[in-house]
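User: Please look at the structure below with me. I have some questions on its pocket lining and helix packing.
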Amino acid sequence: KALLFILAALAVTLLPWALKVGFNYNVLDLQARGLESVTYEKALLEESDESTWFAMSSAKDLEGLRALKERFAAQPGVGRIESILDFLPPDQEAKAALNAQARAELAPVPDPGAVPARVDAGELARSLDHLAEGLESLEEKLFAAGAREEVGRVEQALATLSDLSAALGRDPALAARLSGLQLGLGREIVGLLSWFRQALAEGEVRPESLPPALKDLYMGKDGSFQLKVSPLGDVWDMDNLAAFVDTIRAVDPLVCGVPVGFLESARLMHRTFLSAGLWTLVLVSLFFVIYSRSLEYVALALLPLGFGLVWLTEGMGLLGLSFKPDTDDLRNSV
């Protein structure tokens, strides 16, 4: 009796430390120190405040996808949201009207063969005079604004134009030297205008018109659309992970993905451990009662085990240790 009293007193004295022992779900703590993958995982969490995990939801059409995205974005603890909507330009109807107007302004685009191969000296002289008039007008505005440096640059350009006009007046044949430049530049401009006009004629960007790599990533074979939702904060913190899963489940009860699978697997493993231990204790005690037909015998047989478990948890509390899941079992369950 004295020995039992001393053991019980010791167990009761250290009981507060036993209550500090928890269940650590962070499998990063079970990896080797300095492991590169763990280092980068922690760096991503600390620097970006976003997780490499994401949950997945789906919608049958684009309207439902937009509504679902807005609902997820309004929830606390939700970070980056990815979907096929990221690759579809917004306000496509209004932009289509502007494209049609711009295409009408470009019509008709001249044929590349219509670009004159020879430069007309008189037309070139008139173009130089027109450019000089525009620069003089610009010079006056810059002078009024007090932009001395820019005024100096315009004066240099005007001086160059004056020299060019004088040289062209003395020898109009100099204009022929620009024939190759005019032909090449003219055809290039006409080609760009043709391409631009064709681009303006393209219709609305639809999911079906996207590259196969994007369609395979965000579209299902049945035509549904996937939505990826990433959590904010440290998902290895069980409280943060549970809050995130509860939040997204309030939007879509059928949401899935690694965060949901990991949380449910960890909770199931925790419950299974406790349930297995309790049922083992009950069945073994029942076997002892049937075998010995003595409750005192059963109590004495289980007493070392009971004190051993209590002291184990109290020692873990003193050392700052906690129970951890088996990484292989947890990974397989996920």
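User: By class, what residues make up the lining of the largest pocket, and how many are charged?
Analyst: This is a predicted model. The lining of the largest pocket has 10 nonpolar residues and five polar ones. The number of charged residues there is none: no charged residues.

User: How much space lies in the largest pocket, and which residues are closest to its centre?
Analyst: About 530 Å³ of space lies in the largest pocket. Its lining counts 15 residues. Closest to the centre are Phe273, Leu274, Gly277, Leu309 and Phe323.

User: Which elements give two or more residues to that lining?
Analyst: The lining of the largest pocket draws two or more residues from each of these elements. They are α11 (258-292) and α12 (295-319).

User: Are α11 and α12 parallel, antiparallel, perpendicular or oblique?
Analyst: Their axes lie 8 Å apart, and the packing angle is about 135°. An angle over 145 degrees would count as roughly antiparallel, and 65 to 115 as roughly perpendicular. The angle falls in neither class, so α11 is to α12 oblique.

User: Is the crossing of α11 and α12 left-handed or right-handed, and what classes of residue make the contact?
Analyst: The crossing of α11 and α12 is right-handed. On the α11 side, Leu281, Ser285, Phe288, Val289 and Ser292 meet α12. The α12 side offers Leu295, Tyr297, Val298, Ala301 and Leu302. By class, that contact has eight nonpolar, two polar and no charged residues.

User: How do helix α4 and helix α10 pack, and what is the hand of their crossing?
Analyst: Helix α4 covers residues 62-73, and helix α10 covers residues 238-251. They pack at an angle of about 145°, with axes 10 Å apart. The crossing of α4 past α10 is right-handed.

User: Which residues make the contact of α4 with α10, and how many are charged?
Analyst: α4 brings Leu68, Arg71 and Phe72. α10 brings Ile248, Ala250 and Val251. Five of these residues are nonpolar and none is polar. Arg counts as charged, so the charged residue is Arg71.

User: Where does Leu124 lie, and how far is Leu124 from Pro172 in space?
Analyst: Leu124 lies in helix α6, residues 121-145. In sequence, Leu124 and Pro172 are 48 residues apart. In space, their C-alpha to C-alpha separation is 9.7 Å.

User: Which residues is Leu124 in contact with, leaving aside its neighbours within four places in sequence?
Analyst: Contact here means heavy atoms within 4.5 Å. With neighbours within four places in sequence set aside, the partners of Leu124 are Val119, Leu168, Ala175 and Leu178.

Definitions and conventions: Residues numbered from 1 in each chain as written. Predicted model: local features only at pLDDT ≥ 70, side-chain atom pairs only at ≥ 80, totals over all residues. Heavy atoms only, no water. 1 Å grid on protein atoms, 1.4 Å probe; cavity = no way out; pocket = protein on both sides within 12 Å on 5 of 7 lines; lining within 4 Å. Points joined across faces, edges and corners; volume = space filled by probe spheres on them. Helix = DSSP H or I, 4+ residues; strand = E, 2+ residues; numbered from the N terminus. Axes fitted to C-alpha atoms, helices over the stretch in contact; angles between N-to-C directions. Parallel < 35°, antiparallel > 145°, perpendicular 65-115°, else oblique. Left-handed = near helix turned anticlockwise from the far one by under 90°.
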